Amino acid sequence: MTGPLEGPAPRWFTIPAHRPFLTDLAHGLLDALGRDSLGDAVVLLPSRRSARALAEAFVAVAGGQALLLPQIRALGDLDEGEPPFEPGELALDLPAAISPLRRRFELSQLVGQHQASLGHTLDASGALELADALASFLDAVELEELGHAERLDKVDALVEGELARHWRISAEFLRIVLEAWPERLAGLGLIDPAARRVRLLRLLADQWRARPPEGPLLAAGSTGTAPANADLLAVIATRPTGAVVLPGLDLELADSAWAEAGEQHPQGAMKRLLERSGVERRAVRPWPASGGAVDSRWRRRLINEALRPAEATADWIAVIEDLRKEAGEGADPFAEGLDGLTLVAADGEEEAAVRAALLLRETLETPGRTCALITPDQALARRGSARLSRWGVEADSSAGAPLANAPVGVLAALAARAVVDPDDPVLILALLKHPLVRLGRTLDALDEARRSLERHGLRGARGLTTDWIQLRLQAAARPRDDGQPPPPERLQDLADAGALLATLRQALLAASEPYTGATATPSEAARGLATAMEALAADPSGDPGGLWAGPDGEAAAGLLSGLIEESQGLPEVSAPGFERLMGRLLQGETVRAVRAAHPRLKILGGIESRLVSADRLVLAGLEEGVWPQGAPVDPFLSRPMRKALGLPPPERRIGLAAHDFAQAASAPEVVLLHCARRDGSPTVESRWLWRLKILAKGAGRALPGRPELKAWAAALDEPAPFAPAPRPRPRPPLEARPRELPVTGIELWLRDPYAVSAGSVLRLRPLDRPDEPVEARARGVAVHAALQRFAELHAGEVPPDAAAILEALMVEALEEAGMPAPAMARERALASQAALWLADFERRRRPGARLLVEQRGELAVEAEGFRLLLTARADRLELRQGQVDILDFKTGQAPSRRQMETGFSPQLTLTAAIVAAGGFSGAGRAAPGELVYVRVTGGRRPGEELIRAAAGESPELARRALEGLKRRIGRFASPDTPYVSWAAPQFMHARGGDYDHLARVWEWHVIGEGEEAGE
């Protein structure tokens, strides 16, 4: 054995940031130990991913030849939830670690038991949120190895100190936890994972101090952030054949800057490690396999200078001059340092994902080249992976996705929600359309029955009774108005729909059974939910199929089994509480899909990317709050409290992230990707990117860009040649054109003839949405129904209690129309106000008038040989002194007089024409009187009587309206006259239409011909 493992101890080495860490490490070990002795070595790395990558590096440096690898072990990365490897018999004497899920539930119980001391009342979801924060506190205490007595003494000092009241309450609560939690763990015979990790590392250090391994021992890539890690590294460095290799220690950083490297500096963690180990920085040597190459030396120098401590940046001008002197005459350290470094600025997250995918895909054009996208933004990582799929490329991604987004997670959330609101039609449809749901049927049978249930039972406003869906199906099976029964096929479809609904209810019954009272234990609720999910997913043989298959199925099964077996610590939950709890748990569980990934592409988070190298690195998410992430909010400890307890400050994570960035940014080819906006709001550039740009600017340079990426992205999404659809102009044959229209239909004919063609010629009827809001429609129905009923009951004089009668009639009509119960409180107040106004209105209008309510009238109109029957149903006709006043009640906006005069709102004027022609049998032939809109709202102005035409004006307005109608009938009597879409587009935005999607309105109106082709 020769090289780095010889010579006096301690042996500390570093591999520069610009070098491929694992490749150099493999080269160095292979050169030092040779093929014969390599298998005797033990190598410790920070994480399992880096351990796998080192094994691949050994294969690469060996040229693909057979090689007996050393024992590669992971020290364990707490940020990734990785425990250290278990060193043989040392682990046997330690209690088992409590499982993460059981720990969350037990801490939630502890929070719930002492919530009074916090001054809060928490449900299971709220207790779980505080339990997570409490777990972070306990991990920090264990990793910093504060003894039990020391912990209590420090917390007691906080309680007795001068703290704000809410922090004092937190300190008192932590005092309770620090006493109760160890007792609970002892009762369970378990130990905290962080405490077990520390004990294992301590035992391993003691063993190797007394009896070091016979073969070479190496620890590489760790920065020793935890004391136990740091002390183990110090022991390894002093062993006869031991050594420690640090990642990217800056041996050229000025002593003054080194002295000021703090928590947020990329060298801060290694500075603390060396100081704890009693090692001077100058005693650390370059790793032999990395010493000869200087290909990106100036890049590393620029990055390290840009990330200097803030206190050491005042002399940047002098530093720039020193770097130029050091490079020598004729050399430009900034040109060399920026060579291979590119800055790409995207407008938003979507554009950033597209450009990242393009950079990954571009790499594959060169055989053998590799590329890695590194970002702590998991959403950006998932977007980039999705954009890669357009080329049929899958990258090895560590991002994963929340279990809540997986099909089984969605089904679990829907089933939990169904217990809370079992009659929600949208929820019922979501369940029946879920890809995992079968309900004991074939897919075709399920789809057919679901369509019938949706069409006849679920569309429209929700009913007020629990059996409203069944009642609606029964109503659809009744004989039609002409007495004919529905066809047998429809009756069978309705029967299938009813059976499907019953099966769905039965399947969901298991999820609701645990709530025999108001609450249930989370264990019982989870067991019921799992049973319901299996019933929902059962195929005709009763097998739940692939419900629990695949990574997401396994994760869901593990989550639910954990709730069933280990949730004794959680308080009881109501059905809504369990729904919130499941939502939180599903969102917090990450699923990483197992797919065949491209061997040359990787998408990694900041932690997973440590020690991983590639020919090109794309560093994305360089915005403040993303990379670096902001300091986490601690609900229990303020910064002074953390300091008093001896816990590391939140900024330490920023220093570790800065080290990750410095390591990656020093690679030979790096693309820095920055978003100008996130979620529609401007972003602030990452402090590291900003300082690098400022340093380059001071040297008269700018970070080079890749402007062609924008053109590439635009070319990718450039649409094919597109000709927008023209405005539709159907010309149905004369025999198919409508021969009867109501006065309201004439208004639609004037504004949007296409809608008349679709409704009266093609006989297309708009479908109500499931759970259709009923407020506006129900209010209009209620006003009309109440006034009609009131006129029928009190045809003579207006009774003294008219307001109370009208209010009761409106409330009754609102309930019959399906007004939701929560909205009735508001509607009762509006009805009360409206009733008072309507009572006064009746007293003003009734004297001397005979009322006709909801009367039908008709008038045959002919032009150019085309006969049209014009119909009307008048809300109210008031006959007095040979004249007929025409009233129409509105709860919305009433048409203006100008719209009536120009013919765009001919409802009242054409009704007047029917009156003048004697078309209302109860009114005889009489002159039309006032034309009145009565607007009833119940609001600040509860009602308005809007007289659009006086008695002397209405006959002329009626005559003009009828003449205009005849001219229109004459034009449409020609087969060449089209039913153009939105002939009067000025009304398009105010009213919209039921058939706009069929007419492709937004295509021709916005992109195509616009309004130019209107009539």
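1. Arg652 counts as buried in this predicted model, because its relative accessibility is 15% and the cut-off for a buried residue is under 20%. Its partner is Glu263, with which Arg652 forms a salt bridge whose closest N and O atoms are 3.0 Å apart. Glu263 sits in the loop between helix H10 (255-259) and helix H11 (268-277), whereas Arg652 belongs to helix H26 (residues 652-665), so the pair ties together parts that are 389 residues apart in sequence. Unlike the buried Arg652, Glu263 is partly exposed, with a relative accessible area of 23%.

2. It may help to recall the general idea behind such contacts: side chains of opposite charge can pair when their charged atoms come close. In this chain the count comes to 70 salt bridges, and a few further examples are worth locating in the structure.

3. Which residue forms a salt bridge with Arg324? The partner is Glu321, and the closest N and O atoms of the two are 3.8 Å apart. Both residues lie in helix H13 (residues 316-327), where, being 3 residues apart, they are separated by about one helical turn. Arg324 is partly exposed, with a relative accessible area of 31%, and Glu321 is also partly exposed, with a value of 38%.

4. Another pair consists of Arg769 and Glu772, which form a salt bridge with the closest N and O atoms 3.5 Å apart. Glu772 counts as buried, since its relative accessibility is 17%. Elsewhere, salt bridges are linked into a network, whose members are Glu842, Arg844, Arg845, Arg846, Arg876, Glu878, Arg880, Asp885, Glu930 and Glu945.

5. Some members of that network, including Arg876 and Glu878, fall within strand S21 (residues 866-880), which pairs with strand S20 (residues 850-863) in the antiparallel sense over 13 bridges. Within this pairing, Leu852 stands opposite Leu877 in S21. The two strands form a hairpin with 2 residues between them, and Glu864 in the turn has a positive phi of about 50°.

6. Is strand S23 (residues 927-936) largely enclosed or largely open? Since 7 of its 10 residues are buried, S23 is largely enclosed by the rest of the structure. Strand S22 (residues 883-890) pairs with S23 in the parallel sense over 7 bridges, and Val884 has Pro928 in S23 as its bridge partner.

7. S23 also pairs with strand S24 (residues 943-949), to which it is joined by 6 bridges, and these two strands run antiparallel. One of the partnerships here is that of Arg935 with Glu944 in S24. The hairpin of S23 and S24 has 6 residues between the strands, and in it Gly938 takes a positive phi near 80°.

8. A separate topic is the open sheet of 6 strands, which follows the order S9-S16-S15-S10-S14-S11 with parallel pairing. Its edge strands are S9 (341-346) and S11 (395-397), each of which pairs on one side only. From one strand to the next, the twist averages 20°. At the S9 edge, the pairing with strand S16 (residues 670-675) is parallel and runs over 6 bridges, and the bridge partner of Leu343 in S16 is Leu672.

9. On the surface, attention should go to a nonpolar patch of about 460 Å², which is made by Phe722, Trp1002, Val1006 and Ile1007. Of these residues, Ile1007 lies in helix H39 (residues 1001-1007). Ile1007 counts as exposed because its relative accessibility is 51%, and the cut-off for an exposed residue is over 50%.

10. Finally, a view of the whole chain puts these details in context. There are 39 helices and 24 strands, and of the 1015 residues 51% count as buried. The C-alpha trace spans about 120 × 70 × 65 Å along its principal axes. How does the radius of gyration of the chain stand against that of a compact globule of 1015 residues? Such a globule would have a radius near 31 Å, but the chain has 39 Å.

Key. Residues are numbered from 1 along each chain as its sequence is written. Side-chain values use heavy atoms; hydrogens and water are left out. Patches are made of residues with over 30% relative accessible area and no salt bridge: like charges are joined within 9 Å, nonpolar side chains (Val, Leu, Ile, Met, Phe, Trp, Tyr) within 5 Å. Accessible areas come from the Shrake-Rupley method with a 1.4 Å probe; for residues, only the protein chains shown count as cover. A salt bridge is a side-chain nitrogen of Lys or Arg within 4 Å of a carboxyl oxygen of Asp or Glu. Helices (H or I, at least four residues) and strands (E, at least two) are DSSP runs, numbered from the N terminus. Buried means under 20% relative accessible area, exposed over 50%, partly exposed in between (1.4 Å probe, protein chains only). Two strands pair if DSSP finds at least two bridges between them. Axes are lines fitted to C-alpha atoms, for helices over the stretch in contact, and angles run from 0 to 180 degrees between N-to-C directions. The radius of gyration is taken over C-alpha atoms; the globule rule is 2.2 Å times the number of residues to the power 0.38.
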